[in-house]
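Biologist: Could you take a close look at a single chain of this assembly and describe how its parts are arranged and what they touch? A careful, connected account would suit me better than a list.

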Amino acid sequence: MTVGTSPIRKDAVAKVTGKARYTDDFTMPGMLHAAYVRSTIAHGTVSRIDTSAARSMDGVEAVFTFEDVPDTLFATAGHPHSLDPDHVDVADRLLLTKHVRYHGDEVAIVVASSKLAAKEAARAVVVEYDELPVCVDAASALADEAPSIHADGNVIKSHEFIAGGDLNTAVDGADAVISGQYHTPVVQHCHMENHIAYAYMDDFEHIVVVTSTQIPHICRRVVGQALDMPWGNVRVIKPYIGGGFGNKQDVVLEPMVAFLTTRLDGRPIKLELDREECMTSTRTRHSAILDCRAAADEDGTLKAVDVAMTSNTGAYASHGHSIPSAGGAKSCNLYPRSVIRFSALTHYSNIPAAGAMRAYGSPQVIFGLECALEDIARKIGMDSVDFRIKNVARKMDINPLSNKPIRSAGIVECLEKGRELIQWDEKKRRFANQEGPVRRGLGVACFSYGSGTYPVCVEIAGCRLILNQDGSVHMQVGATEIGQGSDTAFAQMAADTLGISYDKVHVVTTQDTDVSPFDTGAYASRQTYVVAPAVKKAALELKTSVLEYVREMTGKETASLDIVDNNVVAANQPDCVIASLADVAIDAYYHKQRGGQLTADVSHKTRTNAPSFGCTFVDLEVDVPMCKIHIHQIFNVHDAGQIIHPLLAEGQVHGGMGMAVGMALFEELLVNPDNGRVLNNNLLDYKIPTFVDIPDLGCSFVETMEPTAAYGNKSLGEPPIISPGPAIRNAILDATGVAVNRMPMSPKVLFTHFHDAGLL
Amino acid sequence: MKRAITMTVNNRKLALDIDVRSSLLDILREQGLTSVKQGCGVGECGACTVLVDDIPVDSCIYLAAWADGKNVRTVEGECRHGKLSPVQQAYVEAGAVQCGFCTPGLVMTTTSFLERNKGKKLSREEIRVGHAGNLCRCTGYETIVRAVELAAKKQNEE
Amino acid sequence: MFPIEKYHMAESVQDAVRALAEDENARVIAGGTDVLIRLHEGHKDYRNLVDINSLDALRRIWQEDDGSVCIGALASFTEIMDHPLVQKFVPVIGEAVATVGGPQVRNRGTMGGNICNGAVSADSACAALVHEVDLVIENVDGERTESVIGFHAGPGRVNLKHGDLLKYFRIRPENYLNMGAAYYKYAMREAMDIATIGCAAGLHVTDGAISELRLAYTVSAPTPIRCAEAELAAKGQPLNKTTLGNIAQTVEQDVKPRTSWRATKEFRMHVIRTLAAKVITNAAWKIGEKIA
């Protein structure tokens, strides 16, 4: 069996040798390059635009402005299409805009023979504006006198749910209640490969778009919608991609390159964003204000949690309101025996547009929730770990929102394991009653998450398996490998179910919407959970085809046959090889009278959604006068069901933890509140952690068996980013007594808090 | 503005007539060495790291003209006869590869780092400082540190 | 591809200063870690380049007969920090440049560029100020020497005239002998960052008392600065916690931190005070002295 072991990932050699080809590694003769003209103000309308100087520059082929693009509003969120008219994404984008809504908005685009020529010409386009007032936050965007950023006003949507009982009864009856306001920042994905796409035409109708995307099939649809053309005329190809983290779960460049090639006779046109553009003009994580209450009895029973979230989506809706609603809903599995109220309001503002980012609203919601939980545990004088253990989900608890049973839950075991790993009890005693400038503290926080988007969205996955002439198998999936290792996990699953070795499964890592099975792509930590049944079904179908063909070859009954170690064997006597798979394949392909290509092609809809769980434990040191945090130890412990590939699973956890430490301590995309200018649109001023800013990362698993999953597995890609932030906040509180209720807990923020608390 | 330069790239002598406005990254990619990735264009991310006379530089902020007469190494030249270099092998085994975009630059940084520190016992701190010019957003650096430790161990056993 | 409009690869110092004199828009490019970033941004002021990378004479690090340590303007940060003469005589310069960026940037970036671009946050500036480094400069009229004290004229501005080429730094023995010196870079990250505040101290101690303190800061005023008032307050005082506390208070008179989006004035002032004591303590350790 290879599931549960760690074979070398399918793309490792391609990547360490530089042979893996990303979008920019493909060029075509005569390729043109495009560069945007971006607004230099955050809000206003273009009063004059002069492209004459740009047009006359060497190498310039064309300049298009907002006057030249289709008047078709389109939505960019990488969601599956919805048949429910009340559940469609907000269509608020044009390819180029006269009404600019953030600093960096797209008013024109230049196409030239080189990237440098395009950039230089873009700088030569003269744009004048009638400026409008700038709103950067909830207070300004929701004020009565606020200008309308979009036609229907500045509120995208608000909603509320109460689950598990009556909130007021629960709160009023509780022994203790706390409330607090918690803030999370705008952060950016900072995948190492910037957004890039190119397009060309095969004839007068068919457009080919090659792009760094997480969602090729959705991208095809959105390009079709934006250009008002049949979706089947758009072919989207996804080669290797240099990270996405949700930012490429949005359709950003593809409609533009498709438009440009249609306007330039089908010539190939590449559009590659600089890092500075990618930081501000793709998507970010929504900043949030979380007004929270928690109520508990003195025996440690959590009676109620109440989270009111205000989410700032910036200039365009993108994933807008679905982010808070997903974050709220996915948290209901964590403390299912309490009353939960969650409300959210999402508004526009004149800052860069927010969209999907790793864990999709949960890091925001859980920051508020787990800070509030810490505060109520401290108020009733209960140990932080004991309090959580008492209240977290048990197997077969009922999720109060969905009314569905939680069929696997290892969160209690995760907390117990984490407590031992970090030596919680011993350190708690050691760190008690500290004085002086440097103090140690312990923190814990939990999370729950989903495995996919069902029942909010459709969950559809496809897998095609082909028996090659040499007995190996080619696998095509519509799900996308974006670095997380999904190709490898699917190969392991197929190998085990088919009875062949891992090295005999070749995975086509490129998705091509003209060729690949349909799947909506990499997001929501869905792929191992929702693609697994498709893989399993396809593997079983192919196995059946092989065995039926062997019956035709040998006359032996199918039921008496099995496939073990790349051979067809007698089921009751696996040592007895009847034929190698290679022999079967060559016969099937080339026998003149019988056989044919043996394949399986499966499309599968998943109608369940398994909650995954986990927690973070941290031991850190606060240097109060230096306003700095040093993490001594940090552990994430996860219940992601059965682990398909332990080494890759660990890699997902480390990566999420690293990103979480960045959000907790360093990262924030800053805008000037007066004029909306982005202040730190580069990797020097936007502080993602370097090698020396991240501690050694500890990771552990509690392996439950999820009965709804094809291989017992649950989500793992996004969850590791959720709980480190609040755990770090709780540890700083433990060390200093100071509650820092906002991320990032950077030196300048710590200075203010320590100063106000009288520590400085 | 053209300029004639010669350089050795992965043991291959190249005589080129370059545009002086080009970075070394531009020229190497034009030569098909697409392992050299641009992640920022300003020397902040290290994805474009190559070795010039065995010293790691950000090729995005290194004029191609400066490579005249120099020996340039990219990750394409590190495997020989279908066999990965010890550093590449360690990255594969340690699970240090995810999206892979930062990987070629990191492999070159590690290669140079270990060549300069042959025989030394390296602390995690020294490894981290020696790699601080390369950003990775996928791994939290943990498995990369392990890969460097693994490659160092193998190097010191030889 | 950079938007370079004119490019001249200088073949000698004379050739470089001649090329600079001939084009009023010409700029020197050394390691490129600053100029090429400006060009990446499309900056108009850096499009005519005089490239000095062929001038290997400017890459040397050597000692003169009188004991002066000389560092060529084109020596990379890595070459400086790894050089035995630097490590032996002026280690704080090595410590300071070791905090620049990351390894790749240090392999190309030069101390010449770091001082000549006038950056308020220049990591080598504090150490240069503490060692009162001389700058040996050439132009078509000949060679001259200026002290780094007073060389910085404002944010991004230094006392170089058009056509000037910095050849090397000279640190005279009286500016390093018997001095304990330390540098601390306070930044948000531990690598690849610019200083929120940089601080260096050079310390002479006689019989447990401070005979001379040289205290320098970056990002604490419109230019990197020395702290006259704090240095005066330290003179002759016992090397103890009370003195350090006084210095940390007095330094407020020397600095003028400002509020920017990176940090508030109050936070910077707090860091300035905190670093004074920390860095002087470290400087004392270097000459075997402890804070009483």
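Modeller: What follows is an account of chain B, from its overall form through its sheet and domains to its contact with a neighbouring chain, with a short look at the other chains at the end. The model is a predicted one, and everything said here should be read in that light.

Chain B contains five helices and five strands, and along the sequence these elements come in the pattern β-β-α-β-β-β-α-α-α-α. The C-alpha atoms occupy a box of roughly 45 × 30 × 25 Å along the principal axes. Because a compact globule of 158 residues would have a radius of gyration near 15 Å, the 15 Å found for chain B agrees with that expectation. Of these 158 residues, 62% count as buried. As for the contacts in chain B between residues at least 6 apart in sequence, 62% of them join residues at least 24 apart.

The strands of chain B form an open sheet of five, in the order E2-E1-E5-E3-E4 and with mixed pairing. Strand E2 (12–19) and E4 of chain B stand at the edges, and since each has a single partner strand, one side of each is left without a neighbour in the sheet. From one strand to the next, the twist averages 40°. The edge strand E4(B) runs antiparallel to E3(B), and four bridges join the two. Within this pairing, Val52(B) has Ile55(B) in E4(B) as its bridge partner. Helix H3 (residues 103–116) of chain B packs on the sheet, where it touches E3, E4 and strand E5 (71–73) of chain B, and its direction makes about 35° with that of E3(B).

The packing of that helix leads on to the division of the chain into domains. The domain assignment of chain B gives domain 1, covering 2–77, and domain 2, covering 86–157. Taken over C-alpha atoms, the centres of domain 1 of chain B and domain 2 of chain B are separated by 21 Å. Where the two meet, 16 residues of domain 1 of chain B are in contact with 12 residues of domain 2 of chain B. On the domain 1 side of this contact in chain B, strand E3 (49–52) and strand E4 (55–58) each supply at least two residues. E3(B) gives the most to that side, with three residues. By class, the side of domain 1 of chain B that touches domain 2 of chain B is made up of nine nonpolar, four polar and three charged residues.

Chain B also has a contact with chain A, and this takes 40 residues from chain B and 44 residues from chain A. On the chain B side, helix H2 (86–94), H3, helix H4 (124–130) and helix H5 (142–157) each supply at least two residues. H3 of chain B therefore appears in two settings, since this helix packs on the sheet and also supplies at least two residues of the side that touches chain A. The residues of the side of chain B that touches chain A divide into 20 nonpolar, 14 polar and six charged.The other chains can be described in similar terms. Between chain A and chain C, 23 residues of chain A are in contact with 15 residues of chain C. Helix H3 (115–124) and helix H19 (747–756) of chain A are the elements that give two or more residues to the side of chain A that touches chain C, and H3(A) gives the most, with five residues. That side of chain A has 13 nonpolar, three polar and seven charged residues. Elsewhere in chain A, nine of the nine residues of helix H9 (residues 322–330) are buried, so this helix is largely enclosed by the rest of the structure. The buried residues of H9(A) pack against strand E7 (155–163), strand E14 (302–314), strand E15 (339–348), helix H10 (362–379) and strand E16 (438–449) of chain A.

For chain C, the domain assignment gives domain 1 (6–51), domain 2 (56–175) and domain 3 (180–286). In the contact between the latter two, 20 residues of domain 2 of chain C meet 22 residues of domain 3 of chain C.

Key:
Residues are numbered from 1 along each chain as its sequence is written. Chains are lettered from A and ligands numbered from 1 in the order in which they are written. This is a predicted model: local features need pLDDT of at least 70, side-chain atom pairs count only at pLDDT 80 or more; totals for chains, interfaces and linings use all residues. Domain bounds come from an automatic or database domain assignment. Two residues are in contact if their C-beta atoms, placed from the backbone, lie within 7 Å. Ala, Val, Leu, Ile, Met, Phe, Trp, Tyr, Cys and Pro count as nonpolar, Asp, Glu, Lys and Arg as charged, and the others, Gly among them, as polar. Two strands pair if DSSP finds at least two bridges between them. Axes are lines fitted to C-alpha atoms, for helices over the stretch in contact, and angles run from 0 to 180 degrees between N-to-C directions. The radius of gyration is taken over C-alpha atoms; the globule rule is 2.2 Å times the number of residues to the power 0.38. A residue is buried if 20 or more other C-beta atoms lie within 10 Å of its own, exposed if 12 or fewer, and partly exposed in between; C-beta atoms are placed from the backbone.
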